[in-house]
Structures are given as structure tokens and as C-alpha cells.
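Q: Could you take a close look at the salt bridges in this model and then lead me on to the surface and the pocket around them? I am in my first year, so please go step by step.

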Amino acid sequence: MNPKSTKKYSLWFSQACLIVFALLLLYLDVRGYWIVRWFLGVSHGHGGTRDCILFMTTIYCCSCCAWLAVVQLWLLLRLVAKGDAFSGGSVRCLRITSWCCFAVALITLVSALYYLPMALLALCAGFMGAIVRIVANTFESALSMREELNLVV
């Protein structure tokens with residue numbers, strides 16, 4: 001298999017994963033109330049209207065951030081498909097995605113006040129935000145090196 005076709009399949013796989021994630025997110029948005037009611041029914045010590053409102057607020061606030069991240073990642077994949085991965089647009093997409101991760105980390109950290117396991121989600125989202133931020137900084141560095149190389153040539 002040649003490298004060009006491998007790149008094409010890798011890009012296709014990334015787009016497919018993003019579409020699957022978006023469909024699952026849409027399912028969660030549509031069925032959120034029933035999922036929360038089920039979860040509160042099987043969990044111990046939860047189940048009142050207050051808990052339902054808190055969980056729903058957490059889910060839908062995080063969902064807004066997730067949709068924004070999905071759009072930004074889709075735009076990034078389009079830039080990669082065009083061969084313009086190291087551009088200002090890709091750095092912007094990555095920075096917005098990292099802020100989305102940090103926002104989810106903050107939302108779930110606050111939510112840990114009423115449901116402690118949310119702290120684990122906050123840790124994961126914050127770590128993911130840090131990784132994406134590092135990748136954005138790497139892309140930005142590569143972009144500045146490319147621009148400098150273009151000036152030399």
C-alpha cells in the first residue's frame with residue numbers, strides 16, 4: 001500500500017470516528033433526560049428533581065462545548081485533506097478545541113461538588129485540553145518555521 005492511499009484511509013477513518021462521535025452526542029442530547037432518569041434510578045443516594053436538574057445542566061453545558069469541538073475538528077480535517085495542515089486556520093481550530101476541553105474540565109469540576117466521580121472527568125478533560133494545546137503550539141511553531149523558510153528561499 002502506498003503512502004498516499006494510507007494517508008487517505010487514515011483521514012477517512014478520522015472523519016468516520018468524528019461522525020460516530022457526533023451521532024452519539026446527538027443521541028445523548030435527544031435522549032439526555034431519559035438517560036439521566038435511568039442513571040439516577042440505578043445510582044444510590046441520588047434521584048430527586050434537584051439531582052436531575054444538576055445532571056442535565058452538566059450534560060447540556062458539556063454538550064455545547066463538545067459540538068463546538070466537533071465542528072473545529074471537522075474544519076481541521078478539511079484543512080488536512082487540502083494539504084494545509086500547518087496553517088493559521090489549523091492552529092485556530094486546535095486552540096478552540098483545547099478551550100472546549102478546558103471548559104468541560106471546569107464544568108465537571110464544579111459538578112464534582114454534587115457528584116464526586118465528575119472530578120475524574122474533569123481530570124481527563126483537562127489533560128486532553130493540555131494535549132491539544134501542546135499540539136496547537138507545535139503546529140504554530142512549525143508554521144513560523146515554514147514562513148521563515150519561505151522568506152529565506
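A: In this predicted model, the side chains of Arg50 and Asp51 meet in a salt bridge, with a distance of 3.2 Å from N to O. The two partners differ in how much of each can be reached from outside: Arg50 has a relative accessible area of 56% and is therefore exposed, since exposed means over 50%, whereas Asp51 is buried because its relative accessible area is 9%, and buried means under 20%.

The count of salt bridges comes to 2, and the other pair is formed by the side chains of Arg95 and Glu140, at 2.6 Å from N to O. This pair links distant parts of the chain, as Arg95 lies in helix α3 and Glu140 in helix α4, 45 residues apart. Glu140 has a relative accessible area of 38%, so it counts as partly exposed, the class between the limits of 20% and 50%.

Helix α3 also holds Trp99, and this residue counts as exposed because its relative accessibility is 55%. The C-alpha atom of Trp99 is separated by 9.5 Å from that of Gly126, although the two residues are 27 apart along the chain.

From the charged pairs we can turn to a nonpolar part of the surface. Ile19, Leu23, Leu26, Val30 and Trp74 make a nonpolar surface patch of about 460 Å², and the largest share of this patch, 4 residues, comes from α1. One of its members, Leu23, is placed in helix α1, and with 54% relative accessibility Leu23 counts as exposed, because that value is over 50%.

The last part to examine is the largest pocket, which has a volume of about 760 Å³. Its lining consists of 29 residues, and those that lie nearest the centre of the pocket are Leu28, Cys62, Val104, Thr108 and Leu121. At least two lining residues are supplied by each of the helices α1 (3-42), α2 (49-82), α3 (88-111) and α4 (118-152), and α2 gives the most, with 9 residues. When the lining of the largest pocket is sorted by residue type, 25 residues are nonpolar, 4 are polar and none is charged.

How values were computed. Residues are numbered from 1 along each chain as its sequence is written. This is a predicted model: local features need pLDDT of at least 70, side-chain atom pairs count only at pLDDT 80 or more; totals for chains, interfaces and linings use all residues. Side-chain values use heavy atoms; hydrogens and water are left out. On a 1 Å grid over the protein atoms alone, a cavity is a set of points where a 1.4 Å probe fits but cannot get out, and a pocket is an open set with protein on both sides within 12 Å along at least five of seven lines; lining residues have an atom within 4 Å of a point. Grid points are joined across faces, edges and corners, and a volume is the space filled by probe spheres set on the points. Ala, Val, Leu, Ile, Met, Phe, Trp, Tyr, Cys and Pro count as nonpolar, Asp, Glu, Lys and Arg as charged, and the others, Gly among them, as polar. Patches are made of residues with over 30% relative accessible area and no salt bridge: like charges are joined within 9 Å, nonpolar side chains (Val, Leu, Ile, Met, Phe, Trp, Tyr) within 5 Å. Accessible areas come from the Shrake-Rupley method with a 1.4 Å probe; for residues, only the protein chains shown count as cover. A salt bridge is a side-chain nitrogen of Lys or Arg within 4 Å of a carboxyl oxygen of Asp or Glu. Buried means under 20% relative accessible area, exposed over 50%, partly exposed in between (1.4 Å probe, protein chains only).
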